[in-house]
Amino acid sequence: MAQHRCCATSRCSGKIRIVFSAWSICVFMPYVFIFPLSADAGLYTPTDQILILNPDTVDSKLFNSSSALLVEFYASWCGHCIAFSPIWKSLARDVKEWQPAVQMAAIDCADEANTMTCFRFGIKGYPTLKFFHAYSKKGSKGENLKGSTHDTRDLRRQIINMMETHQESWPPACPPLEPASKAEIDNLFETSSVGYLALVFEKANSYLGREVTLDLLQYENITVRRVLDTEEGLVSKLVVTEFPSCYLYRPGGNFSKLSVLIEARSFYSYALQRLPGVIRTGKSLTLMTDLHKNTTQQQWRPFNRSRVYMADLESALHYSLRVELAAHPVISGDNLSSLKRYISVLAKYFPGRPMVKNLLQSVNAWLTERGDSELLYSSLQDMLDNTGQIPDAVLPEGVKWVGCQGTQPHFRGFPCSMWTLFHVLTVQAIKTPGAQPLQVLQALRAYVHSFFGCRACASHFETMAREDMNRVSGLSTAALWLWYRHNRVNNRLAGDLSEDPAFPKIQWPPPELCPRCHTVKRNGDHSWNQEEVLKFLKEYFSSERLLQDYLEDEAEALRQQREKLEARREQEAQPRPEGKEEGGAPAEEAREGGEGEGEEEEEEEQGENMAELQPAREAEPRRPRAVIVGLKPARPVEEIVDLDSFVNTHYKAKALKAAALAGRLQRRSLQRKDEPELQPVQPERPQSRHRLEDERGPRHKGWVSLLNVGFSSLDVSLLVLLYCVSGLCLLAMYLYFRLRVRLRRAKVALS
């Protein structure tokens, strides 16, 4: 597909969508809605396994790179580009394991920042696909893909064809794709200590061997080679009679045929990646025997991988309700609505033990009755702890991962249990009369959006939900939608640091769990039999097959709950120890600003009264801290001590003296209102105020002092200067535009 011209119309959720530059117009007859596109609007994101190029990165990624790149030059307003984008995303997921030999990339030529870059590569129509070989030289414009681009199989084969046309020395990141000979295979055992050697026998026009070779590129301890049916030496040695077929050489043994359900790429790749000792590059495989011997970590719990455990579901409830929600002390608005949806779905569809279901139903009823606009988590925690003593209602505390346990504490656990819980709820909704198709999915979406601690994960889930969740029309479709999205997440996170080497992220269910779920298209690509997948989901996640192993006994859980509530009531009933306030703080420290302050201030006021009655007697010196801290907050302060005066008047000495005098004047004025008989004793009060102003200096005189804002003269001067400069700028702008308008009018008149 070299170039495609396209119109500027596309589809918008089944309605006509017209895109003009930065505006998207969706026509819902007889209404028209216009939505502005974001500045970074595009058809792809990094989560699609696609490298997003821009003028700053295009040269470094395309030229002198150890990887080959297949780049789509597209325009986000192009209808054909929009229609082609699902194929491009599917191809990126399909060849993800081919990195670093080849990478997928895209650049939006509709973005004005990228326009010149697209022109530089000779792009005249959209979409245009170009292949850049590894170590391409600067100035190369790439090679246009030739052939059909209607499905991922054709594009995969074109990628392989382009890689095999590499003219210079073979890139070290790319495995050998040419057919192997008997002499080469014999030499391989002599020159390398390969763990496994897989030989794919096929005809010359087959791409199966090369695709499997690239699928195993990121795995260690295994080598895959392609052998043609014309290589009589190897064919006769292994007695190969079927093409294609795969033969495996195991360490210390002979070649044996690899047993798979269907002789196809996906089945070969999956079987080879699951061989014992074959691990992804950069991963270390933890053996299960080592877990049993490990005494420093939590004891390993043997489990059946083909079953679901109730312990994982109850652990998911505990963590989501007691840990994740605890990060939100006050829940209100959309978060409160999300919580109510989540609890409602749990109360209706969770297939738990009676005591857990009783608690969920009581919490749901309590939330439904509440009409408040916000909720304190502490109140919800009381309900989860059953402080109301609802009979036979308890949610066991703590987590106990079984089917979701990982080989390390940071692997699997809570995310695994939440996915399992989601699947169980969608299947239970199918079996519940009157259930709404989107009820479970919308509740899960709301919870993840509002409360799930991994915000990047929540963002990815929200992106998937926005794509087509609203198109789910039935309960069975809802279960399949969640299953398909879970596999998309597994594909994206395969090989990630969060992947447990002992539990790789695969496309689930694997052939050994559900052979009928897998099928092959006419072109040889893998396909899912969704009818069989739905049957499998209904059986695998049914309440009848949930294993109750490792669960805490109901009677023991109820007993522990009663003991906890009794201990809590005893603690609340205990009187506070003498000399201690709540929280264990000494009473003297807790009352430092309370009663102690009151007594201290009363003594100060009595001293001031004595000074007024005996003018000749000098007032005793007081600590500055007593004067400043001892002032009651409820009383207004007349004077504000300017911070500048601390520097200009020997720091604390004069400033604290001024503050003390101001506080004394305040108390005396307030005391006159309460005790009028003492008022005649102070005829010189105005003079003391003037003395205070004189003592503090001329900086506090004038209109600034009247406003009581404490500005220095430098502050006022800078402010006035700023206003003057601003006024001059505005005047200059006015004169400039006025002159410009006159000149334009003059030109028009002359013409």
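Biologist: Let's fix a term before we start: buried means under 20% relative accessible area, exposed means over 50%, and partly exposed is in between (1.4 Å probe, protein chains only). So is Phe-422 buried or exposed?

Modeller: Phe-422 is buried, at 5% relative accessibility. Bear in mind that this is a predicted model, where local features need pLDDT of at least 70 and side-chain atom pairs count only at pLDDT 80 or more, while totals for chains, interfaces and linings use all residues. Residues are numbered from 1 along each chain as its sequence is written, and side-chain values use heavy atoms, leaving out hydrogens and water.

Biologist: How many aromatic pairs are there?

Modeller: The structure has 26 aromatic pairs. Rings of Phe, Tyr and Trp (its six-membered ring) pair if their centres lie within 6.5 Å; planes under 30 degrees apart are stacked, over 60 edge-to-face, and the rest tilted. One of the pairs is Trp-419 with Phe-422, which is edge-to-face at 6.3 Å centre to centre, with 65° between the planes.

Biologist: Where do Trp-419 and Phe-422 sit in the chain?

Modeller: In helix H14 (residues 414–430). They are 3 residues apart there, so about one helical turn separates them. Helices here are DSSP runs (H or I, at least four residues), and strands are too (E, at least two), numbered from the N terminus.

Biologist: And Trp-419, buried or exposed?

Modeller: Trp-419 is buried, with a relative accessible area of 16%.

Biologist: Which residues do ring pairs link into a cluster?

Modeller: Phe-63, Phe-73, Phe-121 and Phe-132.

Biologist: Which ring does the charged end of Arg-210 sit over?

Modeller: The ring of Tyr-207, with the charge 4.3 Å from the ring centre. The cut-offs are NZ of Lys or CZ of Arg within 6 Å of the ring centre and within 35 degrees of the ring normal. Arg-412 does this over Phe-503, at 4.2 Å from the ring centre.

Biologist: New topic. How many disulfides are found?

Modeller: The search of the whole structure gives 4. The criterion is a pair of cysteine sulfur atoms within 2.5 Å. One joins Cys-109 to Cys-118, S to S 2.0 Å. Its S-S torsion is about -90°, so that disulfide is left-handed. Cys-109 and Cys-118 are both buried.

Biologist: Which cysteine is joined to Cys-404?

Modeller: Cys-416, with S to S at 2.1 Å. This link is left-handed too, with -70° about the S-S bond. The pair links distant parts of the chain, 12 residues apart: Cys-404 is in the loop between helix H13 (377–384) and H14, and Cys-416 is in helix H14. Both cysteines are buried.

Biologist: What about Cys-514?

Modeller: Cys-514 is joined to Cys-517, S to S 1.8 Å. The torsion is about 75°, so this disulfide is right-handed. Cys-514 and Cys-517 are buried.

Biologist: Why is there no bond from Cys-81 to Cys-78?

Modeller: Because the sulfur of Cys-81 is 3.1 Å from that of Cys-78, its closest cysteine sulfur, which is too far for a bond. Cys-81 is buried, at 0% relative accessibility.

Biologist: On to charges. How many salt bridges are found?

Modeller: There are 31 in the whole structure. A salt bridge needs a side-chain nitrogen of Lys or Arg within 4 Å of a carboxyl oxygen of Asp or Glu. Asp-94 forms one with Arg-156, closest N and O atoms 2.6 Å apart. Asp-94 lies in helix H2 (residues 79–94) and Arg-156 in helix H4 (residues 152–164), so the bridge ties together parts 62 residues apart in sequence. Asp-94 is partly exposed at 24%, and Arg-156 is buried at 2%.

Biologist: How far apart are the closest N and O atoms of Asp-94 and Arg-265?

Modeller: They are 3.0 Å apart, in a salt bridge. That pair links helix H2 with helix H8 (residues 265–273), its residues being 171 apart. Arg-265 is buried, at 10% relative accessibility.

Biologist: Which residue does Arg-485 bridge to?

Modeller: Asp-468, with closest N and O atoms 2.5 Å apart. Arg-485 is in helix H17 (residues 475–493) and Asp-468 in helix H16 (residues 455–468), so parts 17 residues apart in sequence are tied together. Arg-485 is buried at 4%. As for shared partners, one network joins Asp-94, Arg-156, Glu-211, Asp-215, Arg-265 and Asp-525.
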